[in-house]
Structures are given as C-alpha cells and as structure tokens.
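These are my notebook entries on a single protein chain, written while I looked through the charges and rings in turn.

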Amino acid sequence: MSERPALSKGELEVARAIWKLGSATVGQAFEAIPESRRPDYSTVQTYIRRLEGKGYLRSQRTGRNKVYAPKIRPSQVIRETVDDFMHRLFDGEAIPLMRHLINDRGVTAEEISAIRELLTEHEVEEDE
C-alpha cells in the first residue's frame with residue numbers, strides 16, 4: 001500500500017477536476033467541478049493545498065498564479081483507494097466485494113454480460 005494519506009471525498013472531487021484539465025489554477029479547478037457538487041472557492045483552495053501536501057499534486061508559479069498538475073496518475077490513485085477499501089471492509093478479499101456488488105447493488109443482464117467478457121479476457125491473458 002501507498003505511503004500517501006488517503007483522499008477525502010472532497011479532495012477526490014478536486015483531484016478529478018485537475019486530472020480532467022491536465023493542469024489548473026484554483027479558479028479553473030473550481031469551475032471544472034460540476035455545480036451540483038461544487039464546494040465554495042475557499043474550500044477548493046484548501047483541498048488543493050492538502051492534495052499538494054499529501055503528494056498528489058505539484059505546483060508551478062506562473063506569473064501571479066500557481067498552476068497545479070497531477071503528481072500521481074489517476075489509475076494509481078484508483079488502485080490505492082480500492083485496495084484500501086477492500087482491506088478495510090473485506091479483509092483484502094475480492095470475492096466478498098463482488099458478492100456484495102452483485103447481491104446488494106443489483107446487476108443488470110447487460111452488466112453480467114460485460115463481466116463475463118472481462119472474465120473470459122482475463123482467462124485468455126492468464127493462459128498466454
């Protein structure tokens with residue numbers, strides 16, 4: 001597991017905005033967050049400072065503004081977050097997580113078909 005502290009829900013929302021933009025000022029990140037989930041400007045600023053402090057973002061001064069860019073790839077953050085979640089709730093086991101998602105969240109026939117395709121692809125890759 002990573003040495004970086006986990007992200008809060010708000011921090012993750014701001015990180016997503018910056019990942020989507022590639023790099024951003026606080027104002028640009030603020031505007032990129034969907035209005036229905038957008039915290040106030042000073043909260044976005046605080047989250048960005050925390051993200052930089054935790055090692056998820058880096059900054060560069062451009063004129064009077066700081067421009068923030070990802071230091072960690074989104075896929076790595078997703079992997080670490082899912083691993084942390086699985087360890088905390090399911091003792092690191094994938095099957096109980098999958099069982100929960102299928103039984104408690106409900107899965108459509110289309111999703112079952114997509115899962116079967118993924119499993120088949122995985123089996124083929126393992127055989128190679």
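Entry one. I looked up Glu121 and found this residue in helix H6, which covers residues 109–127. I kept in mind that the model is a predicted one. I then asked myself whether Glu121 is buried, partly exposed or exposed. Its relative accessible area is 45%, and Glu121 is therefore partly exposed, because that label covers values between 20% and 50%.

Entry two. I next asked which residues form the negative surface patch. I noted Glu121 in this patch together with Glu117, Glu123, Glu125, Glu126, Asp127 and Glu128.

Entry three. I turned to the rings and noted that the structure holds 2 aromatic pairs. One of them is formed by Phe30 and Tyr41, which meet edge-to-face with 5.5 Å from centre to centre and 65° between the planes. Phe30 belongs to helix H2 (residues 26–32) and Tyr41 to helix H3 (residues 41–53), so this pair ties together parts that lie 11 residues apart in sequence. I also checked how far each partner is covered: Phe30 counts as buried because its relative accessibility is 16%, which is under the 20% cut-off, whereas Tyr41, at 39%, counts as partly exposed.

Entry four. I then looked up the pair formed by Phe85 and Phe90, which is likewise edge-to-face, with 6.0 Å from centre to centre and 65° between the planes. Which of these partners is buried, and which is partly exposed? I wrote down that Phe90 counts as buried at 16% relative accessibility, while Phe85 is partly exposed with a relative accessible area of 33%.

Technical notes
Residues are numbered from 1 along each chain as its sequence is written. This is a predicted model: local features need pLDDT of at least 70, side-chain atom pairs count only at pLDDT 80 or more; totals for chains, interfaces and linings use all residues. Side-chain values use heavy atoms; hydrogens and water are left out. Patches are made of residues with over 30% relative accessible area and no salt bridge: like charges are joined within 9 Å, nonpolar side chains (Val, Leu, Ile, Met, Phe, Trp, Tyr) within 5 Å. Accessible areas come from the Shrake-Rupley method with a 1.4 Å probe; for residues, only the protein chains shown count as cover. A salt bridge is a side-chain nitrogen of Lys or Arg within 4 Å of a carboxyl oxygen of Asp or Glu. Lys and Arg count as positive and Asp and Glu as negative; His and the chain ends are not counted. The place of a charge is taken as NZ of Lys, CZ of Arg, CG of Asp or CD of Glu. Helices (H or I, at least four residues) and strands (E, at least two) are DSSP runs, numbered from the N terminus. Buried means under 20% relative accessible area, exposed over 50%, partly exposed in between (1.4 Å probe, protein chains only). Rings of Phe, Tyr and Trp (its six-membered ring) pair if their centres lie within 6.5 Å; planes under 30 degrees apart count as stacked, over 60 as edge-to-face and the rest as tilted.
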